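Visitor: I would like to take a close look at a single part of this protein, and then see what lies around it. Could you guide me through it slowly?

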Amino acid sequence: MVLDAEIRYEPFDDQPSTVGYFHATYRDQGAGVLDMDHVLLDTRGLEGSEDWSGSFIGTSFTFTDNAELRTLEGDPRFFFDDARSPQAHGTGTEEWGGGGDYWGGQTVTLPFVGHPVGAPTPGDALDSNDLVHSAYRFLLADLFPFGKNARIQLEHGGVNDMFERYRTIAYWYGLPAASLVKSDELHIGDAASEQAHHYLSPEATPAQVLTSSYELGPEEAQFVRYTRGTSEFTLTIRPDNQGVMVRRVLDYGMPHQRALVSVADGEASEPMWEQAGTWYLAGSTTFYHSFPTGELAPPSPVILTSKRRFREDEFLVPRRLTQGRKLVRIRVKFEQVDRPLLPGLPPPQSAWSEISYAVYCWVEPQFNLTTATSMDASDP
């Protein structure tokens, strides 16, 4: 038999930074560790580069060799660009694979999600291979971009308390350089930092110490202020930015924090404010669970409050308000949200909480095309 083959190609004329290398990162997680997530991907330090720009585009994984599906009660948690709060947080890994209630006891094979193999129970298995279960999720239509690093995690069991063997693959595109670079940070309650950033918040409370924790991690102490008025501050940015991201650390014990954001040139003697949008974080550490006695029974809400009050939230400032500027003056004006937790309850009073503000600039990633090593992106 004779086979003919033909290879066709054309030159790539765009910038190298417009494409990324495809990666499939495999890890045998073993049985896992109590109270610790399985980490499917952590780009920091991979292939000799601390920083990576790219997109997370999916996973495939086996999660049991024993037809033990309860390990799927854990949550997916995804962190991007130095974040301590997950920007994506699911309610269960079977939902991440496209099927609530363990796919109804069935196998499912769809284009982007599925549970292709595995017997519903050990008794249904014809041999040991039927006890192995797997799932997948592809993000070709809704990928997760990142500009500095990515960390993809799954709980095993409801609170990392089950020990089935996981084998995981994380799919991603990446370039070994940062496209999101931190350029400044204001620490509330630090007199030198507040003065350097021309922080002004006439109605804010005095700085006070809050001891709490993030969604993950131990307790720590941080200074916090609360205001029902306005706060202003100046942040240093790179003139070659393609837009910026402002990340606030806050006290999530305050419900429904919403503020109108305005931006001005930080070097102007008199700021000319332009509206940049509304910064809104719904909810709080106070929430409710409802466990009715039957499927058609009336709701039975129980109000609960988490002790984990530290949270991060992000606001994107468009390029038209930042490009070409070395300093930006930012003003946030608190707006009360009158929304009760449950019908019949009074709307809770709130305030804008501030622990810190960090600013990151989107820039063209710089790397050596020959060696594929990162270059210094902190200096334009």
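Visitor: Does E68 count as buried or exposed, and why?

Guide: Please keep in mind throughout that this is a predicted model. E68 counts as buried, because its relative accessibility is 18% and the cut-off for buried is under 20%. As for its place along the chain, E68 is found in the loop between the strands β3 (53-64) and β4 (76-80). The side chain of E68 is joined to that of R70 by a polar contact of 2.8 Å, and, leaving aside residues up to four places away in sequence, E68 touches M162 and E164.

From this loop we can turn to the aromatic residues, which form 20 pairs in the model by the rule used here. One of these pairs is made by F61 and F63, whose rings are tilted, with 6.1 Å from centre to centre and 55° between the planes. F61 counts as buried because its relative accessibility is 3%, and F63 is buried as well, with a relative accessible area of 0%. Elsewhere, a single aromatic cluster is formed by W52, F56, F78, F80, W96, F144, F146 and W172, while R151 lies over the face of F79, at 4.2 Å from the ring centre.

The nonpolar cores complete the picture. In soluble globular proteins, nonpolar side chains tend to be buried together. Here the largest nonpolar core has 28 residues, and those with the most contacts inside it are V261, V263, W279, I330, V332 and Y357. The elements that give two or more residues to this core are β12 (180-187), β15 (230-236), β16 (244-251), β17 (257-265), β18 (274-281), β21 (310-317), β22 (327-335) and β24 (356-362), and the largest share, four residues, comes from β22. Apart from this core lies another, of 23 residues, which includes F63, A88, A135 and W172, and so F63, buried at a relative accessible area of 0%, belongs to that second core.

To follow one residue of the largest core more closely, consider I330, which touches S231, E232, F233, L235, V246, V261, S262, V263 and W273, again not counting residues up to four places away in sequence. W273 also has a charged partner, since the charged end of R331 sits over the ring of W273, 4.4 Å from its centre.

Notes: Residues numbered from 1 in each chain as written. Predicted model: local features only at pLDDT ≥ 70, side-chain atom pairs only at ≥ 80, totals over all residues. Heavy atoms only, no water. Core = buried A, V, L, I, M, F, W, Y, C linked by side-chain atoms within 4.5 Å. Buried < 20%, exposed > 50% of the residue type's maximum accessible area, 1.4 Å probe, protein only. Contact = heavy atoms within 4.5 Å. Polar contact = N/O pair within 3.5 Å; in protein donor to acceptor, adjacent residues only side chain to side chain. Phe/Tyr/Trp six-rings, centres within 6.5 Å; stacked < 30°, edge-to-face > 60°. Lys NZ or Arg CZ within 6 Å of the ring centre and 35° of its normal.
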